[in-house]
Amino acid sequence: MRPPFVIQGQSVAAGHRAVIDLALPKLNSHTRLSMPVHVVHGKRDGPVLFVSAEVHGDELNGVEIIRRPLEVKSLRRLTGTLVAVPVVNVYGLIHQSRYLPDRRDLNRYFPGNAHGSVASRLANTFFQDIIVHCNALVDLHTGSFYRTNIPQLRADIGNPLVAEFVKLFGDIPVLNSE
């Protein structure tokens with residue numbers, strides 16, 4: 001039997017799905033927050049794909065882009081595991097801001113530090129509890145207020161597995177980046 005997928009001590013059995021509330025650093029008001037992590041753990045062994053959005057609290061489009069595939073019935077036949085986080089920057093979403101409450105850009109703090117700033121601690125929790133357990137990562141960004149982005153991929157195409165994955169996206173421009 002296939003072992004469960006585990007995040008912060010919470011497990012999802014093979015052939016099941018769950019939403020795990022990943023504990024986050026408290027606000028300065030000591031308010032507890034969590035990040036909903038959707039896990040679809042297929043019955044059959046395979047890769048772990050991670051998809052996230054809203055690293056910047058005002059990039060809302062990715063939330064819906066992730067929600068839609070989570071509703072697809074064919075996920076019941078999934079081989080491998082899908083880990084999806086529609087809202088990474090819960091703090092930014094609450095405050096309707098690109099940034100964390102201390103005006104830091106979460107995207108600049110990975111892999112983070114367990115004893116650092118809120119940005120660094122959040123990045124560390126996210127990285128250690130989720131990302132290191134995944135084989136592939138898709139992090140969705142969109143243009144935020146007063147910003148425009150063209151569709152693009154940023155990928156380390158020097159890695160043969162990443163280069164193969166990038167081909168699945170068709171003719172979208174690729175920026176080679178580690």
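## Close-up views of a predicted model

**View 1. Histidine 41 and its surroundings.** Histidine 41 counts as buried because its relative accessibility is 4%, well inside the under 20% cut-off. This is a predicted model, so read each close-up with that in mind. As for where it sits, histidine 41 belongs to strand E4, which covers residues 33–41. Its side chain pairs up with that of threonine 81 through a polar contact of 2.7 Å. Once neighbours within four places in sequence are set aside, histidine 41 touches a run of others: Arg2, Pro3, Pro4 and Phe5 are among them, and so are Val12, Ala13, Ala14, Gly15 and His16. Gly80 and Thr81 are also among its contacts.

**View 2. The largest nonpolar core, with valine 37 picked out.** Here we're looking at a core of 28 residues, the largest nonpolar one. Ile7, Met35, Val37, Phe50, Val85, Phe126 and Ile130 have the most contacts inside this core. Strands E1 (5–7), E3 (16–24), E4, E5 and E6 each put in at least two residues, as do helices H2 (90–94) and H3. Zoom in on valine 37 and, leaving out neighbours within four places in sequence, you'll find it in contact with Ile7, Ala18, Val19, Ile20 and Leu22, plus Val83, Ala84, Val85 and Ile130. There's also a second, separate core of 9 residues, including Ala53, Leu70, Ala84 and Val138.

**View 3. The largest pocket.** This one has a volume of about 1700 Å³. Its lining takes in 43 residues, and Leu137, Val138, Asp139, His141 and Arg154 lie nearest the centre. Helix H3 (118–129), strand E7 (136–140), strand E8 (153–155) and helix H4 (160–167) each hand over at least two lining residues. Sorted by class, the lining of the largest pocket is a mix of 22 nonpolar, 12 polar and 9 charged residues.

**View 4. The second largest pocket.** Now for a space of about 220 Å³. It is lined by 15 residues, with Leu49, Val51, Ile65, Pro69 and Leu82 closest to its centre. Strand E5 (44–53), helix H1 (61–70), strand E6 (79–85) and E7 each give at least two residues to this lining. H1 provides the largest share, with 4 residues. As for chemistry, the lining of the second largest pocket has 15 nonpolar residues, no polar ones and no charged ones.

Methods. Residues are numbered from 1 along each chain as its sequence is written. This is a predicted model: local features need pLDDT of at least 70, side-chain atom pairs count only at pLDDT 80 or more; totals for chains, interfaces and linings use all residues. Side-chain values use heavy atoms; hydrogens and water are left out. Buried means under 20% relative accessible area, exposed over 50%, partly exposed in between (1.4 Å probe, protein chains only). A polar contact is a pair of N or O atoms within 3.5 Å; within protein, one must be able to donate a hydrogen and the other to accept it, and residues adjacent in sequence count only if both atoms are side-chain atoms. Contact means heavy atoms within 4.5 Å. On a 1 Å grid over the protein atoms alone, a cavity is a set of points where a 1.4 Å probe fits but cannot get out, and a pocket is an open set with protein on both sides within 12 Å along at least five of seven lines; lining residues have an atom within 4 Å of a point. Grid points are joined across faces, edges and corners, and a volume is the space filled by probe spheres set on the points. Ala, Val, Leu, Ile, Met, Phe, Trp, Tyr, Cys and Pro count as nonpolar, Asp, Glu, Lys and Arg as charged, and the others, Gly among them, as polar. A nonpolar core is a set of buried Ala, Val, Leu, Ile, Met, Phe, Trp, Tyr and Cys residues joined through side-chain atoms within 4.5 Å.
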